[in-house]
Amino acid sequence: MSATPENVVIVGASATGLTTAQHLRRQGYEGKLTLVGDEEHLPYDRPPLSKQVLAGTWEPERVLLRSEDALAELDVTLVLGQPATGLDLGAKELSLGDGTALGYDALVVATGVTPRDLPGTDLDGVHRLRTLDDALALRAALLAGPKVVVVGAGFLGAEVAAVAREMGLEVTLVDPLPVPMLRQFGPQVGELVGAMHRDHGTVLRCGTEVAGFRSSGGRVTGVELGDGSVLDADVVLVAVGSVPATGWLEGSGLPLGNGVECTDHCRAAPDVYAGGDVASWYNPHFGTRMRLEHRMNATEQAMAIASAIVGDERPFAPIPYFWTDQYDTKLQAYGTFPDGARVQVLDGDPDERAFVAAYLVDDVVVGVLGWNHPRTLREARKLVVDRASLDVAS
Ligand SMILES: Cc1cc2nc3c(=O)[nH]c(=O)nc-3n(C[C@H](O)[C@H](O)[C@H](O)COP(=O)(O)OP(=O)(O)OC[C@H]3O[C@@H](n4cnc5c(N)ncnc54)[C@H](O)[C@@H]3O)c2cc1C
C-alpha cells in the first residue's frame with residue numbers, strides 16, 4: 001500500500017464521485033481534490049428523476065446532492081461540463097474534452113452508465129431517461145397530454161409508466177419478456193408487478209418485441225410490434241437498459257469487461273479505483289463478480305474507495321439494496337435475485353399486496369424482497385447476511 005496520495009482526481013461528478021470526495025474529507029484527507037463531470041449541473045441525485053421530478057412534485061433544485069456553499073466547504077475543485085476523454089496510466093494523467101491534461105496521484109472512475117439505444121430512434125418524441133435534462137424534457141412532453149409508449153419494463157420503464165398513468169395519460173408498457181421486471185425479480189413477482197400496472201389502467205404488451213417506429217416529418221407517431229400491431233404514440237420512452245460509460249478508457253490498459261473490472265478492494269490498477277454503476281468487482285460475500293446500478297451501492301462503494309485511498313483497506317462485500325416506487329407501492333430488495341431462484345413468502349400475503357419473500361438457491365437465502373412491508377424486510381435482511389438455510393416446509 002502506497003502512502004496517502006496528495007492529489008486525488010475523481011471522474012464523474014454524481015453520487016459516487018461526490019460521496020468519495022465527502023468521505024475523503026471526513027477521513028481527514030487534506031490533499032488536493034478535483035471532481036470532473038461532463039454535465040453542467042452541480043452533482044445531483046437520480047432516483048427522483050423518474051419519480052418526483054417527472055411527476056412535478058419536486059422542483060429540479062431539490063435533487064442537488066449538496067448546495068454550492070456546502071461544496072465550497074469541501075474544498076473540491078469542480079471541473080464541470082468537461083468530459084474526460086482519455087487516460088494515460090503510465091504518466092498518471094487524464095485528458096479532458098478541452099484538450100488539457102490533468103495529473104493525479106490517485107484516480108477514481110465514477111462515470112456511471114449511459115442508456116442503451118434502439119436502432120432508428122433518432123426521432124422527435126423519443127426519449128431516454130438518465131439525466132436531469134432528460135427528466136425535464138420528458139416531463140414537458142408528458143404535460144402535452146399524449147399517448148405514451150414505454151419500451152422496456154425494467155424498473156425505470158415501469159416507474160415512468162406509473163407516473164405517466166397517474167398523470168392521466170394513455171400508457172402502454174412494452175417488453176419482449178413475458179412479465180415486467182422479470183430480470184430483477186423473476187416470474188412470480190413479475191406477474192404481480194404486471195397485475196399492479198393493469199389495475200391502474202396501464203396497458204401491458206409483454207412478450208412482444210419492438211419491430212420499428214412510425215414517424216411523420218421526423219416525429220414519432222407509432223411503435224410497430226413484432227406481432228404486426230402498431231401502437232399510436234406521441235411520446236416514447238426507450239428504457240432498454242444501460243451500458244457502462246467506459247468509452248473514454250478504451251486503450252488505457254484498464255481492465256474493461258462489463259464495466260471497469262476491479263478487485264474486491266475496488267482497485268482497477270495501482271492507484272486507480274472504480275465505483276458505482278460503472279464498476280464491476282468481486283463481492284466476497286456472494287463469491288461472485290457484480291456490477292450494480294443501485295443508488296445505495298454508489299454511496300457504499302464510494303465510502304470504501306475513500307477509506308482505501310487513506311489507507312484503511314478492507315474487502316468491499318456489501319449486501320446489495322435497491323428500491324422502486326410505482327403508484328402507491330414501494331418494492332425494496334436486499335441481496336441477489338438469480339434466475340431460477342425459489343421464491344418463498346416469509347410474511348404477509350401477495351394477494352393483499354403486502355408481503356416479504358425470500359429468494360433461495362439450493363435452499364440458501366440469497367435475496368429478500370419486501371412489497372409494501374419495510375419493517376419485516378429489515379429483519380429478513382439478516383437471512384441474507386447469515387446465508388440462512390430454509391427448507392421447503394418452513
Ligand atoms: C431515472 C433513474 C432512477 C433511478 N431510481 C433508482 C431507484 O429507485 N433505486 C435505486 O437503487 N437506484 C436508482 N437509480 C440508479 C442510481 O441513480 C444509480 O445507481 C446512481 O446514480 C449511480 O451513481 P454513479 O455516481 O455511479 O453514476 P451516475 O449517477 O450515472 O453518475 C455518473 C456521472 O459521470 C458523468 N460522466 C460520464 N462519463 C464521463 C466522462 N467521460 N467524463 C466526465 N464525466 C462523465 C455522467 O454524466 C454522470 O454525471 C436510478 C437511476 C436513474 C437514471
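**Group meeting: the ligand site and three sets of strands**

A polar side-chain atom of arginine 130 lies 2.7 Å from an oxygen atom of the ligand. Around that ligand, the protein covers 95% of the 1000 Å² of accessible area that the ligand has on its own. Please note, colleagues, that what we are looking at is a predicted model.

Let me stay with the ligand. Arginine 130 is joined there by glutamate 39, which places a polar side-chain atom 2.7 Å from a ligand oxygen. Threonine 16 also takes part: an N or O atom of its side chain is 2.8 Å from an oxygen atom of the ligand.

How many residues surround the ligand? There are 33, and the closest are Asp38, Glu39, Arg46, Lys51 and Asp277. By character, the residues of this shell divide into 15 nonpolar, 9 polar and 9 charged. Several elements contribute to the shell: helices α1 (15-26), α5 (155-166) and α7 (295-309), together with strand β24, each supply at least two of its residues. The largest share, 3 residues, comes from α5.

Strand β24 brings us to the next topic, a sheet. In what order do the 5 strands of this open sheet stand? The order is β24-β25-β28-β27-β26, and the pairing is antiparallel. At the edges stand β24 (321-326) and β26 (342-349); each has a single partner strand, so one side of each is left without a neighbour in the sheet. From one strand to the next, the twist averages 20°.

As a reminder, strands of a sheet pair through backbone hydrogen bonds, either parallel or antiparallel. Within the sheet before us, strand β27, residues 354-361, is joined to strand β28, residues 364-371, by 7 bridges, and the two run antiparallel. One position to find on the structure is valine 356, which stands opposite glycine 370 in β28.

This sheet also has a helix against it. Helix α6, residues 182-199, lies across β24, β25 (329-335), β26, β27 and β28. Its direction is at about 10° to that of β28.

I turn now to another open sheet, formed by 3 strands in the order β13-β14-β15, again with antiparallel pairing. Here the edges are β13 (210-216) and β15 (230-232), and because each has a single partner strand, one side of each is left without a neighbour in the sheet. The twist in this sheet averages 30° from one strand to the next. Between β14, residues 219-225, and β15 there are 3 bridges, and these strands run antiparallel. Which residue of β15 is the bridge partner of valine 223? The partner is leucine 231.

Finally, I come to a hairpin. Strand β4, residues 84-88, and strand β5, residues 93-96, pair in the antiparallel sense over 4 bridges. Aspartate 88 has glutamate 93 in β5 as its bridge partner. The hairpin has 4 residues between its strands, and in the turn lysine 92 has a positive phi of about 55°.

To close, I return to the ligand, where the protein covers 95% of the accessible area and β24 is among the elements supplying at least two residues of the shell. That same strand stands at an edge of the 5-stranded sheet. Thank you.

Note on methods. Residues are numbered from 1 along each chain as its sequence is written. This is a predicted model: local features need pLDDT of at least 70, side-chain atom pairs count only at pLDDT 80 or more; totals for chains, interfaces and linings use all residues. Side-chain values use heavy atoms; hydrogens and water are left out. Two strands pair if DSSP finds at least two bridges between them. Axes are lines fitted to C-alpha atoms, for helices over the stretch in contact, and angles run from 0 to 180 degrees between N-to-C directions. Contact means heavy atoms within 4.5 Å. A residue is near a molecule or strand if one of its heavy atoms lies within 4 Å of it. A polar contact is a pair of N or O atoms within 3.5 Å; within protein, one must be able to donate a hydrogen and the other to accept it, and residues adjacent in sequence count only if both atoms are side-chain atoms. Accessible areas come from the Shrake-Rupley method with a 1.4 Å probe; for residues, only the protein chains shown count as cover. Ala, Val, Leu, Ile, Met, Phe, Trp, Tyr, Cys and Pro count as nonpolar, Asp, Glu, Lys and Arg as charged, and the others, Gly among them, as polar.
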